[in-house]
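The exercises below are to be worked with the sequence and the three-dimensional model side by side. Each one sets a task and then goes through a solution step by step.

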Amino acid sequence: MLFQLSEEQLMIRQAARDFAEHELKPGVIERDEKQKFPAEQVAKLGELGFLGMMVSEQYGGSGLDALSYVLVMEELSKIDASASVVVSVNNSLVCYGLEAYGSEFQKEKYLVPLASGQQIGAFCLSEPEAGSDATSQHTTAEDKGDYYLLNGTKNWITNGGTASTYLVIAQTHPELKHKGINAFIVEKGMEGFSVGPKENKMGIRGSDTHSLMFDDVKVPKENRIGEDGFGFKFAMKTLEGGRIGIAAQALGIAAGAYELALAYAKQRKSFGKPISDHQVIAFKLADMATQIEAARMLVYKAAWLKDQGLSYTLAGSMAKLYASKVAMDVTVEAVQVHGGYGFVKEYHVERLMRDAKITQIYEGTSEIQQLVISREILR
Ligand code: CAA
Ligand code: FAD
C-alpha cells in the first residue's frame with residue numbers, strides 16, 4: 001500500500017483547500033446563523049468539477065478516483081460542512097447511483113446535468129417511520145402499467161428544496177418486503193410532489209433539509225432504476241460509498257478544529273507562557289493529532305479499496321464509525337483549548353462541534369455502522 005499521494009491528488013487537494021479558504025470561509029458564520037444555503041459556492045464547486053468528481057468524462061464528470069474525492073471532502077469540511085454535504089450527496093449517492101445502476105437513457109437525461117453541476121440531486125430513503133429500519137418503507141409506488149403512482153412522505157432530505165432530481169425509494173410489492181422495493185427518479189415540478197419547510201437544525205445549518213410529500217405523483221416507467229425489486233439493494237450499494245464520503249466529512253471537521261486549536265494554543269498565553277507549554281494542553285493536542293491520523297488512514301483505505309474494485313463495505317462502515325467519533329471528541333477538545341473564546345461564534349470551533357454531531361447520525365447512525373461491522377466480522 002502506498003502512503004504517498006500522486007501529483008494530481010496533491011493538486012486537487014490544494015485546489016479544494018484554496019476554495020475552502022477563499023470561497024467558503026468568508027460568510028460561513030453568517031450562513032450558519034441565518035441557515036442560508038451556500039448557493040453561489042455550490043455553483044462554483046460545480047464549475048470546478050467537484051460535484052461529479054468520480055463520474056466518467058463521457059457523462060460530464062471529472063473521471064477522478066475515490067481518493068481524490070475524499071481529499072476534497074476533507075478540505076471543504078474543515079471550513080464548511082454545510083457545503084461539503086452537498087458535494088457528498090451529489091457525488092457519492094446521486095451521481096454514483098445513476099452511473100452504476102441507471103439506464104443509458106437515465107444517464108443521458110439526468111446524470112449529465114448532475115455531474116457537471118448544472119443541477120443538484122437528492123437521495124430519498126428515510127421516512128418518518130423508517131430511518132435506521134430502512135426496509136420498512138411506507139412510501140408506495142403502485143405499478144399502473146406505463147407509470148408508477150407514488151404516495152408517501154420522505155424525511156430529512158438533504159438538498160430537499162434545492163435539488164432538481166430526486167432518487168426516491170418506495171415499496172411496490174409489500175408482500176415481498178425488501179425484495180419489493182424500487183428506486184425511482186423523480187423530477188422537481190412533477191404534479192403532486194411538494195417540499196415541506198426547511199428544518200431548523202443544531203448543525204450543518206446552511207444545508208437544505210426538508211421533508212418531501214408525494215401525492216399521486218405519476219412517475220414514468222423508464223424512471224425506475226434497475227430491475228423490478230432492485231430498490232433496496234440499490235440503496236444499500238449506493239450508501240456503502242456514501243459512508244466513505246461522510247467519514248471524510250467527519251475527518252475534515254476534526255482536522256479543521258484541530259488546526260484552529262493548535263494555532264490558538266501557540267499564541268494564547270496564561271501564567272506567563274503559551275498554553276501549549278502546559279503539558280495538559282500539549283497532550284490534548286497530541287491525542288487529537290493521533291486520533292485524526294488514525295481516522296485518516298481508515299478513510300483513505302476505504303477509498304483506496306473502492307478504487308481497486310475491492311469490497312469496501314466493512315472498511316467504509318469502520319471509517320464512518322471511527323471518524324465520526326473522532327470528529328465529536330476532537331471538536332469538544334478544540335472548544336476546551338479555546339476556553340471562553342471557543343464558546344463564541346467568531347472562533348469557528350463551536351460551529352465545528354455542532355456540525356460534527358450529524359456525522360454520527362446520517363447515512364446510517366453509529367449503531368447501524370456497528371451492526372454492519374459486526375455482521376461482516378461474525379459472518
Ligand atoms: N449491499 C447489498 N445488499 C445489501 C447490503 C449491501 N451493503 N446490505 C444489505 N443488503 C441486502 C441484504 O443482502 C438483504 O437482501 P437479501 O435478502 O436478498 O439477501 C437485504 O438487503 C436486507 O438486508 P438485511 O436482512 O441485512 O436487513 P436489515 O433490516 O436486518 O438491516 C440495515 C439493514 C443494514 C440496517 C439497513 O436498513 C441500513 O443500512 N439502515 C440505515 C439506513 C441509512 O443508512 N440511511 C441513510 C439515509 S441517506 C442519508 O442519510 C443521506 C444524508 O444524510 C446526507
Ligand atoms: P432511528 O432509526 O429512529 O434511530 C433512533 C436511535 O435508535 C438511534 O440512536 C439509532 O442508532 C438507534 N437504533 C435504531 N435501530 C437500532 C438497532 N437495530 N440497533 C441499535 N440501535 C438502533 N435521509 C435520507 O434518506 N436522505 C438524506 O438526504 C438525509 N439527510 C439527512 C440530513 C440530516 C440533517 C438528518 C438529521 C438526517 C438525514 N437523513 C437523510 C436521515 C438519516 O439518515 C436518519 O436520520 C438516520 O438514518 C436515522 O434514522 P432515524 O432518524 O429515524 O432514527
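**Exercise 1. The shell around ligand 2**

Determine which elements supply at least two residues each to the shell around ligand 2, and where the ligand lies with respect to the domains.

Solution. The model is a predicted one, and the exercise begins with the secondary structure: β1 (121-124), β3 (147-158) and α11 (366-378) each contribute at least two residues to the shell around ligand 2. The next step is to pick out the residues that come nearest, which, of the 23 around this ligand, are S126, G131, S132, T365 and E367. Sorted by class, the shell comprises 12 nonpolar, 7 polar and 4 charged residues. The last step concerns the domains: domain 2 (122-231) and domain 3 (239-378) both give residues to this shell, and therefore ligand 2 lies between them.

One of the nearest residues, G131, can be followed further. G131 sits in the loop between β1 and β2 (140-143), and with 17 other C-beta atoms within 10 Å it is partly exposed, a class that falls between the limit of 20 or more for buried and 12 or fewer for exposed. Its C-alpha atom is separated by 8.6 Å from that of N155, although the two residues are 24 apart along the chain.

**Exercise 2. The shell around ligand 1**

Identify the element that gives the most residues to the shell around ligand 1.

Solution. Start from the residues: of the 23 around ligand 1, A134, T158, M236, Y362 and G364 come nearest. The elements that give two or more residues to this shell are α5, α7 (231-267) and α11, and among these α7 gives the most, with 6 residues. As to class, the shell around ligand 1 divides into 12 nonpolar, 7 polar and 4 charged residues. Finally, domain 2 (122-231) and domain 3 (239-378) each provide at least three residues to the shell around ligand 1.

**Exercise 3. The two sides of helix α1**

Check the length of helix α1 (residues 7-24) against expectation, and then decide how its buried residues are arranged around the axis.

Solution. With 1.5 Å a residue, the 18 residues of α1 should span 26 Å, and the C-alpha atoms at its ends are 24 Å apart, which agrees. The buried residues of this helix are I12, A16, F19, A20, E23 and L24. They cover an arc of only 110 degrees around the axis, and so they are on the same side of α1. The pattern can be understood in general terms, because an α-helix has 3.6 residues a turn, so that residues three or four places apart point the same way. The partners of the buried residues of α1 are α2 (28-34), α3 (39-47), α4 (66-79) and α5 (81-101), against which they pack, whereas the face turned away from the buried side carries the exposed residues E7, M11, Q14, D18 and H22.

**Exercise 4. Helix α6**

Apply the reasoning of the previous exercise to helix α6 (residues 104-115), and find what its buried residues pack against.

Solution. The buried residues of α6 are K107, Y110, L111, L114 and A115. Their arc around the axis is only 120 degrees, which puts them on the same side of α6. They pack against α5, β1, β4 (165-171) and β5 (181-187). Just after this helix, G117 adopts a positive phi of about 85 degrees.

**Exercise 5. The contact between domain 1 and domain 3**

Describe the side of domain 1 that touches domain 3, by element and by class.

Solution. The protein is divided into domain 1 (7-120), domain 2 (122-231) and domain 3 (239-378), and the C-alpha centres of domain 1 and domain 3 lie 21 Å apart. The contact takes 22 residues from domain 1 and 23 residues from domain 3. On the side of domain 1, α2, α4 and α5 each supply at least two residues, and α4 gives the most, with 11 residues. By class, this side of domain 1 has 12 nonpolar, 5 polar and 5 charged residues.

**Exercise 6. Positive phi outside glycine**

Establish for I204 and E363 whether each is buried or exposed.

Solution. Neither is a glycine, yet I204 has a positive phi of about 30 degrees and E363 one of about 55 degrees. I204 is found in the loop between β6 (193-198) and β7 (209-220), and E363 in the loop between α10 (349-358) and α11. Since a residue counts as buried when 20 or more other C-beta atoms lie within 10 Å of its own, I204 is buried, with 28, and E363 is buried, with 29.

Conventions
Residues are numbered from 1 along each chain as its sequence is written. Chains are lettered from A and ligands numbered from 1 in the order in which they are written. This is a predicted model: local features need pLDDT of at least 70, side-chain atom pairs count only at pLDDT 80 or more; totals for chains, interfaces and linings use all residues. Helices (H or I, at least four residues) and strands (E, at least two) are DSSP runs, numbered from the N terminus. The expected span of a helix is 1.5 Å times one less than its number of residues. The arc is that of the directions from the helix axis to the C-beta atoms. Two residues are in contact if their C-beta atoms, placed from the backbone, lie within 7 Å. A residue is near a molecule or strand if its C-beta atom, placed from the backbone, lies within 6 Å of it. Ala, Val, Leu, Ile, Met, Phe, Trp, Tyr, Cys and Pro count as nonpolar, Asp, Glu, Lys and Arg as charged, and the others, Gly among them, as polar. Domain bounds come from an automatic or database domain assignment.
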